[in-house]
Every structure is written in structure tokens, then in C-alpha cells.
Amino acid sequence: MTERFTGSFTQQEPIPEAGIEAAIRIMRSGRLHRYNTAPGETAEAALMEQEFAAVTGARYALAVASGGYALGCALRAVGVKPGDTVLTNAFTLAPVPGAIASVGAVPVYVGVTERLVIDLDDLAAKTGRARVLMLSHMRGHLADMDRLMAICDAAGITVIEDCAHTMGASWNGVPSGRHGAVGCYSMQTYKHVNSGEGGFLVTDDDEIAARAVMLSGSYMLYERHLAAPPPEVFESVKYDTPNVSGRMDNLRAAILRPQLAALDTQVGRWNERYAVVEDGLRGTPGLTVIDRDPRGRFVGSSLQFLLLDWATDKVQAVIDRCAARGVELKWFGGAEPKGFTSRYDSWRYAPSERMPATDRILRGIVDMRLPLTFTLDDCALIARIIRAEVGAVHQQA
Ligand SMILES: *Cc1c(COP(=O)(O)O)cnc(C)c1O
């Protein structure tokens with residue numbers, strides 16, 4: 001009998017009861033806006049920022065409307081201006097070049113390696129072309145952050161980290177998002193904490209933090225933040241920093257606080273599931289598992305493998321055959337942008353040069369979500385299905 005998987009790759013866990021109760025309390029209070037507080041009350045949004053600063057060890061944290069907003073806000077806060085160039089990953093998702101375009105800047109793409117991290121040799125060769133790197137830790141693959149920071153520090157490049165897939169991850173014990181000048185995170189439904197939409201930004205820099213708070217739409221109420229610099233820092237930026245409204249509200253903050261407290265446990269659960277799928281796929285002829293650098297602690301909320309140098313119709317056959325058995329795979333090599341997946345050359349608002357070595361990798365990347373609603377048995381079944389279908393297509397060679 002042919003096994004079929006019947007679970008949903010887009011089904012997240014429910015919001016913890018404590019979050020639901022806190023959300024109801026906020027709705028009953030009517031005070032959803034973060035600056036709408038009763039005398040003596042501290043806003044949920046401000047408390048959550050304080051807690052996220054503690055989780056990451058950052059001096060300052062700011063909650064905003066989305067991960068993409070955090071990225072755009074960070075670019076503005078570090079002083080990127082229209083027409084500037086910004087280095088970024090060729091292998092990432094559309095909100096990253098989109099954030100660069102949102103401030104009128106122009107991305108310069110850096111290639112991807114077989115380990116699915118930014119190509120540090122390509123980065124080193126391109127450091128003369130921009131003053132800022134927006135580094136996307138795409139699908140949680142962490143580059144050698146020590147070498148990356150050495151390259152960028154030597155070239156005077158400011159690093160903004162896109163940690164949409166690395167909330168809870170670390171490199172050599174340093175939380176992801178704490179190597180560069182700014183770390184940005186997403187709380188969109190499919191990320192590691194879920195408020196539907198939402199974003200965080202962390203930094204240790206006084207002026208970047210003050211600018212980001214002003215940009216997010218604090219009006220002159222910035223003193224109500226608990227994880228922001230002292231008022232005198234705002235004095236120097238408050239007249240020349242525009243309000244680009246993108247605040248977080250108390251309702252979403254209330255939903256998120258218990259999830260933040262449970263993040264570490266959730267990371268462990270993701271990694272258990274990841275290990276089961278990875279073990280099941282290892283040794284499949286024609287399929288390359290992505291080995292993770294042991295210096296990084298990753299979050300296995302999704303899994304990628306390579307069908308390197310396969311003909312495109314063969315990769316498509318694997319995707320179709322897995323789909324027919326209930327296993328939903330995404331392919332970064334597809335010619336047309338589809339669902340959440342697109343390639344650097346499909347972002348036509350931003351010019352790109354041909355990157356043959358990167359194209360070779362992208363053509364082979366197959367990607368899959370691993371929601372926590374999957375059991376370990378589900379994960380083993382999914383691996384068996386992929387292994388069988390990759391094997392079947394590979395043999396047709
Ligand atoms: C989700 C995501 C973002 C942006 O987050 P939103 O909250 O959806 O705006 C940025 N980068 C990557 C790689 C993402 O997956």
C-alpha cells in the first residue's frame with residue numbers, strides 16, 4: 001500500500017491559553033493602542049519589548065507592525081537614503097529586497113553557497129559597492145558570523161540582520177540578530193512566534209534605537225518605552241526623524257508574551273522534528289542534505305535539501321509526486337514566482353546581474369515547512385515519502 005500524508009503544512013499550533021486570556025483582557029479594557037494607558041498602567045507592547053530585549057541580551061528593543069517594516073525601519077534608522085546601494089542575499093524572500101526598495105535604495109545581490117548561506121567570498125568581493133549589508137539568515141542557515149563580521153568591519157559596512165527564520169537561534173552562543181548593528185525579526189503566523197503579523201527590532205546603539213522608535217510612530221510619547229534609550233538621546237533626533245507609522249498594538253503584544261516565554265521549549269520541539277526528517281532523508285541517492293555548522297544553534301522550523309544538477313523536469317516530477325502523496329514541497333528553481341517563493345531575478349524592480357553559481361544552487365533547492373502540529377511519526381512518514389519519490393525519479397535517469 002502506498003502511504004499518504006494527510007496533515008497540513010500550514011497548520012500552526014493554537015495561541016497559548018495565557019495569551020488568549022490576556023488578549024480578552026485587553027479587548028475588555030478597550031485600550032488597544034500602545035500609548036493608551038490608564039494611570040499607573042504599563043502597556044503590553046512596552047512590557048513585551050522589555051522581555052524581548054532580555055531574551056536577546058540587547059539594550060534596546062522595538063515592536064512594530066511586521067518583519068518587513070522592521071527591516072525598512074532599520075535601513076532608515078542607520079541612514080540609508082534613496083539611491084543608495086544595499087548588499088543583500090540573492091537567496092531570500094521578497095520582503096527583503098522589498099524593504100530595500102521601500103526606502104528608494106537598490107539591492108546588490110550576494111550569492112549563496114551549497115550550505116545555503118551567503119557566499120562570503122562573493123561578499124568580500126562586493127564590499128566596495130555599498131555601506132550596508134542586509135543579511136538574511138534565510139531558512140535559518142547561519143553563515144560563519146565571525147568571518148562575516150570581520151569582512152564587514154574591515155570594510156566599514158553596517159550589518160542589519162534579517163532574523164525572520166532565526167528567532168531563538170545563535171552563533172557561537174551569541175543570539176542571532178546580535179552580531180550586526182540591528183537585528184530584525186518577524187512574528188508573522190509562520191515564524192517562531194505568532195501574532196498573525198508583527199515585527200521586532202533590536203540594537204545596542206542609542207541613536208539607531210531612538211530613530212527607530214520615532215520612525216515607528218511614537219509621536220512624542222517615547223518616554224513610555226521601557227527598552228528605549230534615555231530622553232536626552234531623543235532630543236537630538238526628534239525634529240528630523242519622520243513618523244513612518246508602523247506601531248505594534250497591545251492586543252498582539254498580549255498574544256506574544258507567553259509565546260516568547262516558551263520560545264526555547266518550542267525550538268527544542270522544532271529541532272526534534274527536523275532531526276527525524278533529516279535522518280530519514282540522509283543517504284537518499286541524488287539528494288543532498290544540508291549539513292549545519294555545529295557552531296550554530298538553528299531552529300528547524302523548515303527543512304531544505306538539494307537536488308543538485310538535476311534536470312528541471314525531474315525536480316518538478318519529484319514535487320508533483322510528493323504532492324500527490326500529501327507532501328507539500330516548494331522549489332526555488334521554478335521560473336515563475338509562486339506562493340511565498342521567488343528568485344532574485346523575479347524582482348524586476350531591482351536590477352540584478354547574472355549569478356551562474358547561485359543559479360545552480362537555487363535550481364536545486366527544495367523547501368518544506370515543519371509546523372509543530374506535526375508529530376514525530378508524521379515527520380518519519382514525510383521522510384519516507386520524499387525518499388521513495390526522489391528514488392523513483394532518480395532511477396529513471
Ligand atoms: C517573513 C519574512 C520577512 C518579513 O516578515 P513579515 O513579518 O512577513 O513582513 C523577512 N524576511 C524573511 C526571510 C521572511 O521569511
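Start with L133, which stands opposite V159 in β5. That pair belongs to a stretch where strand β4 (residues 132-136) and strand β5 (residues 158-162) run in the parallel sense, joined over five bridges. Strands count as paired here if DSSP finds at least two bridges between them. The elements themselves are DSSP runs numbered from the N terminus, with helices being H or I of at least four residues and strands being E of at least two.

A word on what you're looking at: this is a predicted model, so local features need pLDDT of at least 70 and side-chain atom pairs count only at pLDDT 80 or more, while totals for chains, interfaces and linings use all residues. Residues are numbered from 1 along each chain as its sequence is written, and side-chain values use heavy atoms, with hydrogens and water left out.

Now step back from β4 and β5 to their sheet. Seven strands make up an open sheet in the order β1-β9-β8-β5-β4-β2-β3, with mixed pairing. β1 (60-64) and β3 sit at the edges with a single partner strand each, so one side of each has no neighbour in the sheet. On average, neighbouring strands here are turned by 20° against each other, direction ignored. Helix α2 (residues 44-56) packs on this sheet, touching β1, β8 and β9, and its direction makes about 130° with that of β1. α4 packs on the sheet too, touching β2, β3, β4 and β5, at about 145° to the direction of β3. Contact means heavy atoms within 4.5 Å; the axes are lines fitted to C-alpha atoms, for helices over the stretch in contact, and angles run from 0 to 180 degrees between N-to-C directions.

So what about β3, out at the edge? Five bridges join it in parallel to strand β2 (residues 85-89), and one pairing to look for is N89 with V110 in β3. Edge strand or not, four of the five residues of β3 (residues 106-110) are buried, so the rest of the structure largely encloses it. Buried is under 20% relative accessible area, exposed is over 50%, and partly exposed is in between (1.4 Å probe, protein chains only).

Further along the chain comes another open sheet, with four strands in the order β10-β12-β14-β13 and antiparallel pairing. Its edges are β10 (288-289) and β13 (330-331), and each has a single partner strand, so one side of each is left without a neighbour in the sheet. Strands β12 (residues 302-306) and β14 (residues 365-369) are antiparallel and share five bridges, with L306 standing opposite I365 in β14. Helix α10 (residues 263-281) packs on this sheet and touches β10, β12 and β14, its direction making about 20° with that of β12. Helix α12 (residues 356-364) lies across β12, β13 and β14, at about 45° to β14.

Next, the empty space. The largest pocket holds about 560 Å³ and is lined by 35 residues, with L93, R139, H165, Q188 and K191 nearest its centre. α3 (67-77), α4 (95-102), β8 and β14 are the elements that give two or more residues to this lining. On a 1 Å grid over the protein atoms alone, a pocket is an open set of points with protein on both sides within 12 Å along at least five of seven lines, a cavity is a set where a 1.4 Å probe fits but cannot get out, and lining residues have an atom within 4 Å of a point. Points are joined across faces, edges and corners, and a volume is the space filled by probe spheres set on them.

K191 deserves a closer look. It lies in the loop between β8 (182-186) and β9 (199-203) and is buried, at 16% relative accessible area. Leaving out residues up to four places away in sequence, K191 touches Q12, A164, H165, S186 and W270. UniProt, in an unreviewed entry, lists K191 for "active site" and also for "modified residue: N6-(pyridoxal phosphate)lysine". UniProt positions follow the numbering used here, feature names are shortened, and annotations may be inferred rather than shown by experiment.

Finally, back past the end of β3: T113 sits in the loop between β3 and α5 (120-126) and is partly exposed, at 23%. T113 and R360 are 247 residues apart in sequence, yet their C-alpha atoms are 9.8 Å apart. There are also two cavities of 30 Å³ or more. The largest cavity is about 80 Å³, and N89, L116, V117, I118 and S136 are nearest its centre among 16 lining residues.
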